[in-house]
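Reader: I am new to this structure and would like a close look at a single part of it. Please start with one pairing between strands and work outward from there.

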Amino acid sequence: MDPIDLTAKALRKKSNRANKRREKKARQMKLKAEAEAEAAKLQKNNNNTQKEAEVENPEDYNDPETTPGDKKKLSRQMAKTYKPSAVETSWYEWWEKSKFFEADPDSSKPSFVIVLPPPNVTGPLHIGHALTAAIQDTIIRWRRMSGYNTLWVPGTDHAGIAAQAYVEKQFLRFTTITRDEMGRYSFTNDLGHMKNLYRDAIFRQLRCLGASLDWSRECYAMDEKRSLAVTEAFVRLHKDGVIYRHLRLVNWDCLLQTAISDIEVEHIEIKERTPLRVPGYEKPVEFGVLTSFAYPLEEGLGEIIVATTRVETMLGDTAIAVHPDDSRYSHVHGKFAIHPFNGRKLPIVCDAVLVDMNFGTGAVKITPAHDPNDYEVGKRLNLEIINIFTDGGKINSNGGPEFTGMPRFEARVAVTEALKKKGLFKGDQNNEMRLGICSRTRDVVEPLLKPQWYVNCKSMAEQALDAVTDGASPKIEIIPKQYVAEWKRWFENIPDWCISRQIGWGHRVPAWYAVLKDERKELGAYNDHWVVGRNKAEATEEANKIFSGKEFDLHKDPDVLDTWFSSGLFPLSVLGWPNDTKDLRAFYSTSVLETGPDILFLWVARMVMLGMKLGGDVPFRKVYLHPMICDARGREMSKLLGNAIDPLEVINGIELKGLHKKLDDESSLDKNELEIAKEDYVKDFPDGIPECGADALRFALVSYTAQSDKIKLDIQKVVEYRQWCNKLWDAIRFSMTKLGEDYIPPEEIIPATLPFSCKWILSVLNKAISKTIVSLDSYEFSDAATAVYSWWQFQLCDVFMEVIKPYFTGNDPAYASERKHAQDTLWLCLDNGLRLLHPFMPFVTEELWQRLPSKKDSVRKESIVISEYPSTVESWNIDAVELEMDLIQFVVKSLRSLRAQLGPNEKCERLAAFVVCLTSDAWNTIKKHELEVSTLATLSSLHVLSKKDDVPVGCILDTLNESESVSVFLKLKGVVNVEAEFEKLNKKMDILI
């Protein structure tokens, strides 16, 4: 070929190459201009931040002062760190003033109703109450956001015995005045003052916890409307024959001098001789001791030996029982024993029901006035009934002059000594027993014969039992189901309910005693002289019918009703019963009763019985029983024990000396109890309690509900969730910098057009939404909290926010589309994620949600409180994308595991990595997502190899996983221990084989 042609051809090639270079440069210039424009927009905030850094104004980070009740004014810049006290201020007052929590009885929405278990006005709430509030508010906020007409009714209970016990203990601590010396009027006035003080404190605590209660319907167990309901219920039930008055043995609290119901008695199992502290006694009292002594027989027949764990009650013995078939005592049938202290003749009686002739001596002392079994024997055999105790637990004149006036347990010692002197004491021994204790005062219960008002529970119990156990269509579901069996056992063996109490604080029994002229004046001497009415006028009208033509005076019963009788009416009375109110028609039956299992029968069972009897339907459709909060020693939180933690002490923080001061100022503990409580605080909170905030406390408590029936509170767990709130705060701050000041969310996002990571985060968000809703609906609150937490922490923050960072780094125009998609997806995630989290953490979610940009020309809800709860979107589900991300995360985890084995210097360096894929699918997935792997694993480079390729020398191996079909290598700069790496590989191969 002609050299000239060659030269011409070469020149043409050279010209073409020059043209291509010019075109390429033009394209680059164009792309550069576009990138610069994009970068200018994206980095506007960064430039502003740099300028502001030079002249940063601290006030930009502080929220302006907000007028109470107004919407909170937010700082221009988000604070650099999360502070609960700053975030949780102002929002609640605005929510309440805006009436977001008020229900409308005329609403067309489906209703969802909860009645707050009314806290006792004996003191502020403790952490156990905070658990109740956290769970119920989570339910109510979720239902409100899900389109329900929600009603959560707040109220407080007068607490009856608990309040009286508390105040009397305070009197004993600071004065020597008794309630009898004060008089009923002054005493109840003091209780009323305490009620007002603590009711205000309780409501302040509930507001600080974020409880979205309908305060327009707030009620108190002894207010006018509730008192009207209590009187009406008593009158109706008495008229129906359900309530009646009867003389029988009752559980008597000598400290408060009142009867208590069977269910208010706790039983302590005692294995052997055990000293216990009893209120009112300086020295411990021994229990678990069986004392044997002899009664002399008449006519020189010798003696008969009996045994008892309550030797002091022998002062009231009226007989000795033997088995009719016991030949040892056939010669004394019909004879008498002689009481050694008063000469009373005690008949030797035969009773095959009570006496086991193979147990002990086969002879049993009978004290009908002070033992339930002996009382039944006394009724069967018509024995004399002699009461030896005063209402205060001292020996009365029936006990004989030698012992009169002695406290019962001091008399126990004195009677034993007197028996020894008479040569009648036969010894004592350890004895296993159950000791009845009043659940409120911790006093040892004494059986006493007293006339009381009772509720016949038989027919109501049958209805309540069927409501839960009717297999075909139960009206009430109890969660957890394990309590259904307990419900069945209790209702199948339910005793009649003693509802009268001999205390000054409570609803007076609406009954009057008619004293007829020329009859005994003693109140209650004749059981048929009682009349019942809504007021004295009704009672007088009733008495005129009974005692027609006779003169009489009416005296109101001084007793009050059991607290649980009035609180048992709460689902009815808070809605206006007995009046036919809009609320009653719209909201009864309520939706769910959430409480602790400790009052399943004290309160829940009574509500079901009274609700069905008086309201015509069950009071609620579900019962959820949460675990009980305990201290580090496993004891339930209790004001009486002094181990109760005020939720505000966790929300705001408190020093150890502050905890001690609270005990000194507010507790009713005696000196010994006070010292024990203070020592426990030193052990549990040596550095006090740090500020955690309401959101962290709520989330921790709800998360705890997965534990069985008891929760051992660990404040450190709350601290961890407070730190997580800071993580949440940082996530929003990060996001706002990526969105920019001018960002406007799109009207619609089409998942199919999104980058891989955006598709993935929406798909797993969909699953988190589904899991949360399903868990909330099934009352699996811990699972719901875990679903929300896991998505935010492990998927949004740990993966998505990391993996999109390259889109926002530098001015690379190649990522312009991805950048915009990432912004839109990030906004969508934050909006949905905050709404998903809101029922659990109301304050921080409101504050952060208010900072999110709004869609153009759209009217967003004024508050997250009334926004819609997220629901699943079918188009977001992309399982294939999730499977690919699973493989990516497996590789990243392996690389991180390898990095963790390195020295401190190498750990911080970006290193090269190699992924060997054993299948083409794995190779395609990792190859396609090199950027995601490199970003998440912080690599300098990533090389994707097939199984045919050789891995460069100088690498360490993490794993070979057959199911994932990959093995992962990390390139080191130093020397690799080849033998060690082969050993690791062989071990893992052995596992797979």
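Author: The place to start is R245, whose bridge partner in strand β18 is W453. The model is predicted, so local features need pLDDT of at least 70 and side-chain atom pairs count only at pLDDT 80 or more, while totals for chains, interfaces and linings use all residues. Residues are numbered from 1 along each chain as its sequence is written, and side-chain values use heavy atoms, with hydrogens and water left out.

R245 lies in strand β5, residues 243-253. Strands (E, at least two residues) and helices (H or I, at least four) are DSSP runs, numbered from the N terminus. Strands β5 and β18 run antiparallel and are joined by 10 bridges; two strands pair if DSSP finds at least two bridges between them.

R245 counts as buried because its relative accessibility is 13%. Buried means under 20% relative accessible area, exposed means over 50%, and partly exposed lies in between, with a 1.4 Å probe and protein chains only. Leaving out residues up to four places away in sequence, R245 touches P451, Q452, W453, N527, W530 and D557. Contact here means heavy atoms within 4.5 Å. W453 is thus named twice, as the bridge partner of R245 and among the residues that R245 touches.

Strand β18 spans residues 446-455, and eight of its 10 residues are buried, so the strand is largely enclosed by the rest of the structure. Strand β18 also pairs with strand β20 (residues 497-498), antiparallel and through two bridges. In that pairing, Y454 has C498 of β20 as its bridge partner. In a regular strand the side chains alternate between the two faces of the sheet.

Some figures for the whole chain give this part its setting. The chain holds 32 helices and 33 strands. Of its 993 residues, 52% count as buried. Among contacts with a separation of 6 or more, 76% are between residues 24 or more positions apart.

Other strands can be described in the same terms. Strands β11, β10 and β16 form an open sheet of three, in the order β11-β10-β16, with antiparallel pairing. Its edge strands are β11 (303-308) and β16 (425-430), each pairing on one side only. From one strand to the next the twist averages 20°. Strand β10 (residues 289-296) is joined to β16 by five bridges, and V289 has N430 of β16 as its bridge partner.

A second open sheet has four strands in the order β13-β14-β12-β15, and its pairing is mixed. β13 (336-338) and β15 (363-366) are the edges; each has a single partner strand, so one side of each is left without a neighbour in the sheet. The twist averages 30° from one strand to the next. Within this sheet, β12 (residues 319-322) and β14 (residues 345-350) pair in the parallel sense over three bridges, with V322 opposite C350 in β14.

The helices come next. Helix α18 (residues 600-615) is mostly covered, with 14 of its 16 residues buried. G616, just after α18, takes a positive phi of about 80°.

Helix α24 (residues 756-777) and helix α28 (residues 879-900) have axes that come within 9 Å and cross at roughly 105°. That makes α24 roughly perpendicular to α28. Axes are lines fitted to C-alpha atoms, for helices over the stretch in contact, and angles run from 0 to 180 degrees between N-to-C directions. Angles of 65 to 115 degrees count as roughly perpendicular, under 35 as roughly parallel, over 145 as roughly antiparallel, and the rest as oblique. On the α24 side the contact includes F756 and W760, and on the α28 side M885 and I888. The contact residues divide into six nonpolar, two polar and five charged. Ala, Val, Leu, Ile, Met, Phe, Trp, Tyr, Cys and Pro count as nonpolar, Asp, Glu, Lys and Arg as charged, and the others, Gly among them, as polar.

One residue of helix α26 (residues 816-837) closes the account: W827. W827 counts as buried because its relative accessibility is 7%. Apart from neighbours within four places in sequence, W827 is in contact with L739, Y743, P745, L852, P853 and K855. A polar atom of the W827 side chain lies 2.9 Å from the backbone oxygen of P853. The C-alpha atoms of W827 and S735 are separated by 8.0 Å, although the two residues are 92 residues apart along the chain.

Definitions and conventions: A polar contact is a pair of N or O atoms within 3.5 Å; within protein, one must be able to donate a hydrogen and the other to accept it, and residues adjacent in sequence count only if both atoms are side-chain atoms.
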